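Welcome! Here is a short briefing to help you find your way around a new structure. Take a moment to look it over before reading on.

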Amino acid sequence: KAYWEMMEQARDRKVDEFQGEENGYAEVYDKAFFDKANKLLDDAAKKVAGAPAKYAERLAFTRVGLDYTRLVADLRAAMAKVKKSKDPNADKQARTLWEQIDQLKKKYPDAIRWTMITPGSEYMLRGGGLHPDFMK
């Protein structure tokens with residue numbers, strides 16, 4: 001429950017304090033956020049150890065969402081560098097993050113609404129173009 005409350009508070013903060021889809025990710029989804037969220041999930045994993053497998057599976061499914069959130073936060077930071085400086089290292093980092101997202105998508109096809117985060121999709125372009133090949 002604490003994990004979901006934390007996620008809701010983060011989302012509310014992102015929406016309420018930072019106007020526009022591109023704004024607020026670095027401020028809301030920072031290292032402290034991910035450290036706390038991972039700790040909450042790690043603590044939950046300890047509690048379900050030895051319980052029926054469905055609980056560990058549900059927890060793993062939940063962790064996919066957190067991993068995805070971290071990848072998108074990292075991707076937004078890398079793409080900000082690409083847009084600002086055309087830094088080839090940032091471009092490479094962004095492409096590596098896309099590969100990681102693709103791996104997550106293949107492993108957990110039902111965990112995320114993947115069509116929303118497809119390179120070149122209308123939603124992604126509206127959100128700032130999170131791929132080097134589809135920048136605004």
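What share of the contacts in the protein chain with a separation of 6 or more comes from residues 24 or more positions apart? Such residues account for 55% of those contacts. Please keep in mind that this is a predicted model. The points below start with the whole chain and then turn to one helix, its partner and a single residue.

**The chain as a whole**
- The protein chain contains 6 helices and 0 strands, and its pattern along the sequence reads α-α-α-α-α-α.
- Its C-alpha trace spans about 50 × 35 × 25 Å along the principal axes.
- Of the 136 residues in the protein chain, 32% count as buried.

**A look at helix α3**
- Helix α3 covers residues 31-48, and its 18 residues reach 26 Å from the first C-alpha to the last, close to the 26 Å expected at 1.5 Å a residue.
- On the inside, F33, F34, A37 and L41 of α3 are buried.
- These buried residues lie on the same side of α3, because they cover an arc of only 90 degrees around the axis.
- The cover over the buried residues of α3 includes α1 (2-17), α2 (25-28) and α4.
- Turned away from that buried side is a face of α3 that carries the exposed residues K31, A32, K39, K46 and K47.
- After α3 comes G50, which has a positive phi, near 90 degrees.

**How α3 meets α4**
- Helix α4 spans residues 53-85, and it packs with α3 at an angle of about 170 degrees, the two axes being 10 Å apart.
- Angles over 145 degrees count as roughly antiparallel, and α3 and α4 are therefore roughly antiparallel to each other.
- From α3, the residues F33, F34, A37, N38, L41, D42, A44, A45 and V48 take part in the contact.
- From α4, they meet Y55, A56, L59, T62, R63, L66, T69, R70 and A73.
- Sorted by class, this contact of α3 with α4 has 12 nonpolar, 3 polar and 3 charged residues.

**One residue to find: T62**
- T62 sits in helix α4, where it is one of the residues that meet α3.
- Is T62 buried or exposed? T62 has a relative accessible area of 16%, and since buried means under 20%, T62 is therefore buried.
- Apart from neighbours within four places in sequence, T62 is in contact with Y3, W4 and L41.
- L41 is itself one of the buried residues of α3, so you can use it as a landmark when looking for T62.

How values were computed. Residues numbered from 1 in each chain as written. Predicted model: local features only at pLDDT ≥ 70, side-chain atom pairs only at ≥ 80, totals over all residues. Heavy atoms only, no water. Axes fitted to C-alpha atoms, helices over the stretch in contact; angles between N-to-C directions. Helix = DSSP H or I, 4+ residues; strand = E, 2+ residues; numbered from the N terminus. Parallel < 35°, antiparallel > 145°, perpendicular 65-115°, else oblique. Contact = heavy atoms within 4.5 Å. Nonpolar A, V, L, I, M, F, W, Y, C, P; charged D, E, K, R; others polar. Expected span 1.5 Å × (residues − 1). Buried < 20%, exposed > 50% of the residue type's maximum accessible area, 1.4 Å probe, protein only. Arc of directions from axis to C-beta.
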